[in-house]
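Me: I am new to this structure and should like to be guided through it by questions. Please show it before we begin.

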There are 2 protein chains.
Amino acid sequence: MKPPFGWEAIRAEVMRRIRAREWQPGQSIPTEEQMAAEFGCARATVNRALRELALAGVLERRRKSGSRVALNPVRKASFDIPVTRLEVEGRGQSYGFVLLEEREQVPPAAVLDRLGLAANQELLHLRTLHLADAVPFLLEDRWLNPAVLPDLPRDFRAMSVNEWLVRNMPYTYGDIAFSAASATPEEARLLGLTEPVALFVAERTTWTGEAPITAVRLVYAPGYRVQTVL
Amino acid sequence: MKPPFGWEAIRAEVMRRIRAREWQPGQSIPTEEQMAAEFGCARATVNRALRELALAGVLERRRKSGSRVALNPVRKASFDIPVTRLEVEGRGQSYGFVLLEEREQVPPAAVLDRLGLAANQELLHLRTLHLADAVPFLLEDRWLNPAVLPDLPRDFRAMSVNEWLVRNMPYTYGDIAFSAASATPEEARLLGLTEPVALFVAERTTWTGEAPITAVRLVYAPGYRVQTVL
DNA sequence: GCATTTATTATGTCTGCACATAATAGCGGA
DNA sequence: TCCGCTATTATGTGCAGACATAATAAATGC
């Protein structure tokens with residue numbers, strides 16, 4: 001028979017007590033041992049539950065002092081960033097893309113700086129327009145470092161750079177930033193907009209650990225939202 | 001003495017093998033028991049390492065079939081969403097805010113719809129301008145449900161609604177969405193902009209579990225970015 | 001051949017115990 | 001009073017064993 005208090009039940013019960021203000025912000029909660037006794041389970045089970053809550057930012061735990069309810073609870077929002085093709089198909093739309101440009105050239109100083117490369121370094125510049133139901137969805141402006149990408153495909157018309165990278169250079173480090181920007185005249189033209197409007201922009205830089213791989217700027221069509229539950 | 005293979009070491013070693021393509025995407029990796037034997041540790045230790053990697057989206061695990069390297073690795077970006085005051089102070093700027101409006105009224109249909117409330121329901125409408133070094137930083141347009149907020153402060157000039165909510169109604173459920181929008185004339189005026197530009201917008205809805213608490217629209221001053229490491 | 005039951009297998013979780021580690025409290029001596 | 005050592009304490013991690021669960025493969029019946 002299933003034990004009445006698995007670690008998920010304990011996590012839920014602790015959350016309930018915090019929400020019910022039985023345990024108030026800043027206040028210490030019982031030790032793992034005390035709770036194990038109360039719930040009639042092993043300390044490891046309580047530990048698992050409390051560890052998850054600490055990870056979520058609900059509890060602050062310190063050796064010797066014990067666990068306390070976080071005073072300034074920091075909400076942690078977590079987003080999935082799928083391949084563009086899967087993002088479009090996930091909306092029930094058909095995916096397509098157009099390769100706009102593919103050539104080696106020296107990128108602007110801002111890009112080189114972000115990647116930490118020498119000023120005269122040539123990179124592979126790729127611009128791709130992603131389509132959802134044949135309508136512009138996302139404009140991708142990417143710089144690739146050929147030095148760390150041994151077997152690049154001959155051309156990126158069969159598979160988008162986006163997808164090729166996820167499949168061939170996965171599990172890299174990097175950072176991402178979201179912001180808003182007005183569409184440049186060219187962006188407006190490529191996205192099929194009659195007038196310049198506010199666009200959602202995501203910028204990513206990725207590394208293998210020591211060498212830079214790619215810097216990309218993603219400009220989404222109007223109305224794009226990135227959404228998640230808290 | 002510390003065992004040579006703790007769960008973190010195992011997680012790192014598995015990641016190394018995946019990055020080195022010793023274990024390729026889609027391919028099965030050894031069972032927990034086999035790896036426990038290889039690393040000379042208990043199965044629980046391997047389990048902990050692999051569980052974390054599955055949570056990060058690197059592995060896909062299924063009972064009976066075992067673990068395999070994810071074919072379409074989904075990047076998971078995680079953002080901290082602090083109280084606005086702490087966000088401003090964290091940048092080394094001084095925080096301030098101005099309460100622009102505070103009155104009970106019937107919100108627009110879109111807001112009622114998002115909160116799932118009756119059409120004639122009155123809510124408390126609060127508009128706050130948050131300042132960083134006395135310069136407009138964020139425009140907050142919030143609707144509060146007084147029915148579930150028993151002891152609201154007399155006025156929100158001493159502590160911003162934002163902070164009051166985090167301190168008094170923490171650990172709620174909710175969702176958040178990021179998007180881009182052009183500043184309305186009024187938004188432009190309040191943020192001190194001479195011309196309408198693209199602004200970063202965050203919209204949140206929060207619940208106690210059954211009853212809606214608040215819906216808020218946060219319009220950030222130009223240049224705002226939300227950034228994180230992957 | 002096909003559907004249903006049964007056995008097998010890897011992961012998921014739990015227990016009870018042990019020791020490591022970090023942070024704190026208390027003590028003793030100068 | 002202050003400094004430094006030691007003891008204490010709660011969490012962090014580990015082990016070996018056990019059973020639960022879900023998914024698959026094999027065996028069975030028709």
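**Strand pairing between the chains**

Reply: In this predicted model, strand E10 (residues 226-229) of chain A is joined to E7(B) by four bridges, and the two strands run antiparallel.

Me: Which residue in E7(B) stands opposite Thr228(A)?

Reply: E10 of chain A and E7(B) are joined by bridges. Within E7(B), the residue opposite Thr228(A) is Ile176(B).

Me: Which element gives the most to the side of chain B that touches chain A?

Reply: The contact takes 43 residues from chain A and 42 residues from chain B. Helix H1 (7-19) and strands E3 (75-81), E7 (173-182), E8 (198-207) and E10 (226-229) of chain B each supply at least two residues of the side that touches chain A. With 10 residues, the element that gives the most is E7(B).

Me: How many residues of the side of chain B that touches chain A are nonpolar?

Reply: The residues on this side of chain B are divided into three classes. Six are charged and seven are polar, while the nonpolar ones number 29.

Me: Around what arc of the axis do the buried residues of H1(A) lie?

Reply: Helix H1 (residues 7-19) of chain A has 13 residues. Its buried residues are Ile10(A), Val14(A) and Ile18(A). They are on the same side of H1(A), because they cover an arc of only 75°.

Me: Which strand is included in what covers the buried residues of H1(A)?

Reply: The cover includes two helices of chain A, H2 (32-39) and H3 (43-55). It also includes a strand of chain A, namely E2 (66-69).

Key:
Residues numbered from 1 in each chain as written. Chains lettered and ligands numbered in written order. Predicted model: local features only at pLDDT ≥ 70, side-chain atom pairs only at ≥ 80, totals over all residues. Expected span 1.5 Å × (residues − 1). Buried ≥ 20, exposed ≤ 12 C-beta atoms within 10 Å, placed from the backbone. Arc of directions from axis to C-beta. Contact = placed C-beta atoms within 7 Å. Nonpolar A, V, L, I, M, F, W, Y, C, P; charged D, E, K, R; others polar. Pairing = 2+ DSSP bridges.
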